[in-house]
Amino acid sequence: MCENTAWPGFTLGGSLVQLGRLQFERTRVGRTTAAEMTASGRPTEPGTPVLGVHVPDFSGPLDPAECDASFALARGFFAEHFPEERYDVAMCHSWLLAPQLADYLPASSNVLAFQRRFTVTQRDGEPHDDSFFTFVFGRPAGDIDSLPQDTAVQRALVAHLRSGEHWHDGHGWLAL
């Protein structure tokens, strides 16, 4: 079941492009992210064009080499198809950038390798437990005792909630 009914429209409307393992969309930096980027040494104005990075769950493991290839494809694709716009930065707002994942996953984790590509610029104040569980388990948190514990990510999500903590999305950027 598609929880976000608008998502297919992004692809059908051409604003979301799958390039190898990752998806990219043309978007613009918001005020908060621009301030965080500027504070981290990359002066950025709100409204600056950037590529939004999305990680579809149906494309297999988050293999670092496949991610490298996707970013390379994105640089070429957007330069060719949108030459009037300059895309020097990609940003990602995702549960995959949650800093707490580093407390549970091994350093060799593909998820942590993906995280390390980005400068994490902000963290939501409100918990997003249900979105984490929807992406990983296909349903909201609910009864965590009935959830599978087959992968390190599944075990991490459940262990974090069992410890009384909540999950917060990460926000980050990287230079293309």
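This is a short tour of a predicted model, going from the whole chain to one helix and what surrounds that helix.

Begin with the whole protein in cartoon view, where you can pick out six helices and six strands; followed along the sequence, these elements come in the pattern α-β-β-α-β-α-β-α-β-α-α-β. The radius of gyration is 17 Å, close to the 16 Å that the globule rule gives for 176 residues, so the protein is as compact as a globular protein of that length. If you turn the C-alpha trace onto its principal axes, it spans about 50 × 35 × 30 Å.

Next, switch on the surface, which comes to about 9400 Å² of accessible area, with 53% of it belonging to carbon and sulfur atoms. Beneath that surface, buried residues make up 40% of the 176 residues. Among contacts with a separation of 6 or more, 69% are between residues 24 or more positions apart. Colouring by charge then shows 13 positive and 22 negative charges, whose mean positions are 5 Å apart.

Now select residues 129–137, which form helix H5, and show the side chains of Asp129, Phe132, Phe133, Val136 and Phe137, the buried residues of this helix. Looking down the axis of H5, you will find these buried residues within an arc of 95°, so they line one face of the helix. To see part of what covers them, add residues 152–162, since helix H6 is included in that cover.

Finally, step just past the end of H5 to glycine 138, which follows the helix and has a positive phi, near 80°.

Key: Residues numbered from 1 in each chain as written. Predicted model: local features only at pLDDT ≥ 70, side-chain atom pairs only at ≥ 80, totals over all residues. Heavy atoms only, no water. Helix = DSSP H or I, 4+ residues; strand = E, 2+ residues; numbered from the N terminus. Rg over C-alpha atoms; globule rule 2.2 N^0.38 Å. Buried < 20%, exposed > 50% of the residue type's maximum accessible area, 1.4 Å probe, protein only. Contact = heavy atoms within 4.5 Å. Areas by Shrake-Rupley, 256 points an atom, 1.4 Å probe, with all protein chains shown as cover. Lys, Arg positive; Asp, Glu negative; His and termini not counted. Charge placed at Lys NZ, Arg CZ, Asp CG, Glu CD. Arc of directions from axis to C-beta.
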